[in-house]
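Trainee: Could you take one part of this protein and walk me through it slowly? I would like to connect what I see on the screen with the residues behind it.

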Amino acid sequence: MSDLRELYQQLIIDHGRSPRNFGELASATHKKDGYNPLCGDKVTVFVSVKDGKVDDIKFIGCGCAISMASASMMTQALKGKNFKDIECLFDKFHSVVTGETEDTAGLGKLEVLAGVKDYPSRVKCATLCWHTLMAALTGFDETISTE
Ligand code: ZN
């Protein structure tokens with residue numbers, strides 16, 4: 001295993017153990033529950049949108065280290081972003097974790113999750129929070145399942 005890979009893994013473990021922006025957000029304008037039955041991961045994403053931008057974002061949930069680390073890093077990456085930025089970032093992130101592209105430019109810290117492309121069953125763990133977020137922002141009512 002390369003040093004970089006090891007560093008990435010440590011970051012995922014760190015975020016998985018002590019997720020950032022973890023908790024309910026009282027001022028949320030958008031909220032959504034998501035579930036990944038394949039692994040049992042559950043997340044609820046809270047977003048407060050102000051002037052077309054993410055003013056604040058938090059999440060709660062339980063699941064594997066990858067699902068929690070991904071949600072933690074996602075919340076860190078999205079503050080101050082508008083819907084278009086978020087859509088672009090999700091698109092990029094999705095292409096990278098599914099192995100469609102190796103180009104991680106623009107992903108920032110989220111790049112550490114790129115390694116899940118080698119573990120197809122883990123891709124849904126990494127993308128659950130994103131699918132849930134997009135559903136929260138676009139206002140679908142049903143609980144989002146990755147199936
Ligand atoms: Zn999982």
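Which element gives the most to the lining of the largest pocket?

Mentor: Happy to. Keep in mind that this is a predicted model. The answer to your question is α1, which gives six residues to the lining of the largest pocket, the most of any element. Both α1 and α2 supply at least two residues each to that lining. The pocket itself has a volume of about 420 Å³. It is lined by 19 residues, and those closest to its centre are R5, I12, V112, G115 and V116. Sorted by class, the lining of the largest pocket holds ten nonpolar residues, five charged ones and four polar ones.

From the pocket, let us turn to the zinc ion. Its protein donors are the SG atoms of C39, C64 and C125, together with D41, which is listed twice through OD, and they lie 2.2 to 2.6 Å from the ion. Along the sequence, the donor residues follow the spacing C-x1-D-x22-C-x60-C. Take D41 and C64 as a pair: D41 belongs to strand β2 (residues 41-50), while C64 sits in the loop between β3 (53-62) and α2 (65-78), so this pair links distant parts of the chain, 23 residues apart. D41 counts as buried because its relative accessible area is 0%, under the 20% limit for that class. C64, at 15%, is buried as well.

Strand β2 is also home to F46. With a relative accessible area of 5%, F46 is buried. Look across from there to T132: F46 and T132 are 86 residues apart in sequence, yet their C-alpha atoms are 9.8 Å apart in space. Another contact to look for involves K42, whose charged end sits over the ring of Y35, 5.7 Å from the ring centre.

Now for the aromatic rings, where the count comes to three pairs. One of them joins F22 and F59 in an edge-to-face arrangement, with 5.1 Å centre to centre and 85 degrees between the planes. F22 lies in the loop between α1 (3-17) and β1 (30-36) and F59 in strand β3, so this pair also links distant parts of the chain, 37 residues apart. The two partners differ in exposure: F22 is partly exposed, with a relative accessible area of 39%, whereas F59 is buried at 0%.

Another pair, F90 with W130, is stacked: the centres are 5.7 Å apart and the planes 5 degrees apart. Because F90 lies in helix α3 (residues 83-97) and W130 in helix α4 (residues 120-138), the pair ties together parts that are 40 residues apart in sequence. Both rings belong to buried residues, F90 with a relative accessible area of 13% and W130 with 0%. F93 comes in here too, since ring pairs link F90, F93 and W130 into a cluster.

To trace this on your screen, begin at α1, which gives six residues to the pocket lining. Then find the zinc ion with its donors C39, D41, C64 and C125, and finish at the ring cluster of F90, F93 and W130.

Notes
Residues numbered from 1 in each chain as written. Predicted model: local features only at pLDDT ≥ 70, side-chain atom pairs only at ≥ 80, totals over all residues. Heavy atoms only, no water. Donors = N, O, S within 2.8 Å, 3.2 Å for Na, K, Ca; no water. Helix = DSSP H or I, 4+ residues; strand = E, 2+ residues; numbered from the N terminus. Buried < 20%, exposed > 50% of the residue type's maximum accessible area, 1.4 Å probe, protein only. Phe/Tyr/Trp six-rings, centres within 6.5 Å; stacked < 30°, edge-to-face > 60°. Lys NZ or Arg CZ within 6 Å of the ring centre and 35° of its normal. 1 Å grid on protein atoms, 1.4 Å probe; cavity = no way out; pocket = protein on both sides within 12 Å on 5 of 7 lines; lining within 4 Å. Points joined across faces, edges and corners; volume = space filled by probe spheres on them. Nonpolar A, V, L, I, M, F, W, Y, C, P; charged D, E, K, R; others polar.
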